[in-house]
Amino acid sequence: MVKQVVTTICFVLFHCIISYWAFMSSCSIHSSTKITIPAIASYFGTKGRYEEVNTYLIDDILAINNSLVTLPSSNCKEIHLTAIIRHGTRFPTTKNIQKMREFYNLVVRDATGNLNGLSEIKSQWAMWYRDDMDGRLVEKGRADHRHLAQRLVKWFPSLLTQDNVRQGRVKLITSSKHRCVNSTIAFREGLMKGLSMEDELEIAVNDALMRYFDQCERFVKEVENNKTALAEVKRFNEGAEMKRVMEKMADRLEIPYASITDDSVEAAFFLCSYEFTIRELNSPWCQLFDKVDAQVMEYASDLKQYWKRSYGHDINSKSSCILFHDLFHRLDQVVAQINFNGTVSEVVTVQVGHAETLLPLLTLLDMFKDDIPLSSTNFATQQNRIFRSGTIVPYAANLLVVLYQCPEGIRMGVRLNEKPLTLPGLTDPNPMYEDVKKRYRALLDSCDQETVCKMNNS
């Protein structure tokens with residue numbers, strides 16, 4: 001009996017020691033990487049973290065930087081906020097997961113280079129992304145929106161109040177996509193926590209506003225389903241800069257050049273970026289790129305956004321007319337209510353959508369427009385471009401439009417990702433609302449969704 005007990009105790013101790021050793025080994029592998037930001041993180045484009053845009057959030061995720069914002073004057077008060085927000089951090093789409101899996105299998109099967117991270121990829125990293133993850137929101141994405149809501153409570157304490165919530169003056173609207181619905185739910189959780197409330201706001205789904213691009217026939221036919229619309233992207237991916245990235249990767253892995261394609265390097269870049277944005281790991285995949293490689297990958301991504309969602313084609317921005325008019329109709333209504341009796345019925349409107357919801361609207365407003373269009377041939381001269389998708393629409397990107405009641409009238413402020421923007425053609429960071437309407441008068445008069453999206457069959 002004693003012998004059996006001793007044997008059992010020894011058996012248990014042995015497994016405890018093995019488990020502890022395995023745990024400590026795991027910690028030693030990942031403890032340093034969890035707090036290390038990849039050197040190329042600022043080049044992840046639309047797959048980048050919000051924290052890379054506002055680096056002070058790395059130390060305090062609920063911090064707000066008041067020094068960035070210039071308010072009209074102490075005699076002005078905030079009367080309305082519209083926030084148009086991209087969903088939070090998500091899993092890759094099924095299409096990209098399949099690319100990542102194919103590249104992973106290639107590396108495990110054929111790579112023989114001396115790269116430091118290669119042994120870790122082969123022995124310790126497993127392909128854990130599944131097809132059914134397909135763009136779904138991850139826990140980091142929920143946190144993105146919870147924290148953003150809590151910061152907005154701090155930014156706008158006179159608008160985001162318990163009373164405004166209870167009186168139905170705060171509205172939540174979302175795209176029907178699961179990542180947007182779940183982001184909105186997380187935003188609501190953060191808002192309730194920030195206001196110390198248990199009440200829950202209703203969430204309305206509105207794809208006509210938040211996924212307008214799906215319902216714009218001309219955009220779908222001329223851009224979305226037209227391979228020639230992205231000819232500049234294709235030319236760049238077949239050009240000298242991308243070819244050099246492919247060759248360098250093949251050399252690092254000691255794989256034949258013919259085995260590495262532009263899809264391969266894109267998949268590797270995704271593996272690096274998603275491991276960081278989802279798991280906060282500076283993974284060995286990032287060692288496959290140096291700074292110049294990352295700049296090429298960023299430019300390829302920016303080219304795609306430019307030609308598919310921004311200045312590349314006129315219909316890209318015009319497809320957002322419905323959201324543009326929705327915004328200004330609401331602002332007009334607020335101004336009318338202030339002038340009538342001073343009571344605003346919709347104090348805060350939060351609309352959650354996609355990068356492709358925000359980017360065309362920002363383009364319609366003439367923001368982030370370079371003097372020279374992005375093309376397949378000007379990578380070298382566009383290093384200082386202002387059109388960088390990673391700084392414009394990272395995960396949880398947000399356009400904040402604020403109305404102020406001032407002694408001289410109604411003023412308007414615009415912030416992108418919690419940083420102030422001066423509207424093109426205006427010099428005042430908080431211009432009179434009527435001056436904003438004069439600036440965009442042509443669009444207000446002519447940007448009709450039904451007309452611009454209708455195909456001309458003549």
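**View 1. Meet H178, a residue of helix α6.** This is a predicted model, and our tour of it starts at a single histidine. H178 is partly exposed, with a relative accessible area of 26%. Leaving out residues up to four places away in sequence, H178 touches D134, G135 and R136. Look also for H87: 91 residues separate H87 from H178 along the chain, yet their C-alpha atoms are 9.7 Å apart.

**View 2. The open sheet is built from seven strands.** To find your way across, follow the order β3-β2-β4-β1-β5-β6-β7, and note that the pairing is mixed. Which strands stand at the edges? They are β3 (203-205) and β7 (419-421), and each has a single partner strand, so one side of each is left without a neighbour in the sheet. From one strand to the next, the twist averages 25°. As background, strands of a sheet pair through backbone hydrogen bonds, either parallel or antiparallel.

**View 3. Strand β4 pairs with β1 and with β2.** Six bridges link β1 (residues 77-86) to β4 (residues 348-353), and the two strands pair in the parallel sense. Two places to look on this side are L81, which stands opposite V348, and I84, which stands opposite Q351. With β2 (residues 170-174), β4 shares five bridges, and these strands run parallel too. Here L172 is the residue that stands opposite V350 of β4.

**View 4. Is β4 mostly covered or mostly open?** It is mostly covered, since six of its six residues count as buried, that is, under 20% relative accessible area. V348, V350 and V352 point one way from the strand, while T349, Q351 and G353 point the other way. Residues on both of these sides of β4 are buried.

**View 5. Helices α4 and α14 meet the sheet.** Helix α4 (residues 139-155) lies across four strands: β1, β4, β5 (398-406) and β6 (409-416). Its direction runs at about 165° to β1. Helix α14 (residues 321-340) packs on the sheet as well, touching β1, β4, β5 and β6. The angle between α14 and β1 is about 165°.

**View 6. K437 sits in helix α17 (residues 433-439).** Is this lysine buried or exposed? With 13% relative accessibility, K437 counts as buried, because buried means under 20%. Not counting residues up to four places away in sequence, K437 touches F328, D332 and L444.

**View 7. The largest nonpolar core holds 140 residues.** Four members touch the most others: F103, Y129, L191 and W285. Helix α11 (residues 262-279) gives the most to this core, with ten residues. For a closer look, pick F103 and set aside its neighbours within four places in sequence. What is F103 in contact with? The list is M249, L253, I260, S264, A267, A268, L271, W285 and L288. As a general note, nonpolar side chains in soluble globular proteins tend to be buried together.

**View 8. The largest pocket offers about 1600 Å³ of space.** Its lining is made of 46 residues, and those nearest the centre of the pocket are K95, N96, E266, K304 and K308. Several helices supply at least two lining residues each: α2 (94-110), α6 (178-194), α8 (217-224), α9 (231-237), α11, α12 (291-309) and α15 (355-364). Which helix gives the largest share of the lining? That is α12, with seven residues.

**View 9. Two cavities of 30 Å³ or more lie in the structure.** The largest cavity has a volume of about 70 Å³. Its lining consists of V69, T70, Y404, G413, V414, R415, P420, L421, P429 and N430. Two elements, β6 and β7, give two or more residues to this lining. The most come from β6, which gives three residues. In general, rolling a probe the size of a water molecule over the atoms shows where empty space is left.

Terms used: Residues are numbered from 1 along each chain as its sequence is written. This is a predicted model: local features need pLDDT of at least 70, side-chain atom pairs count only at pLDDT 80 or more; totals for chains, interfaces and linings use all residues. Side-chain values use heavy atoms; hydrogens and water are left out. A nonpolar core is a set of buried Ala, Val, Leu, Ile, Met, Phe, Trp, Tyr and Cys residues joined through side-chain atoms within 4.5 Å. Buried means under 20% relative accessible area, exposed over 50%, partly exposed in between (1.4 Å probe, protein chains only). Contact means heavy atoms within 4.5 Å. Two strands pair if DSSP finds at least two bridges between them. Axes are lines fitted to C-alpha atoms, for helices over the stretch in contact, and angles run from 0 to 180 degrees between N-to-C directions. On a 1 Å grid over the protein atoms alone, a cavity is a set of points where a 1.4 Å probe fits but cannot get out, and a pocket is an open set with protein on both sides within 12 Å along at least five of seven lines; lining residues have an atom within 4 Å of a point. Grid points are joined across faces, edges and corners, and a volume is the space filled by probe spheres set on the points.
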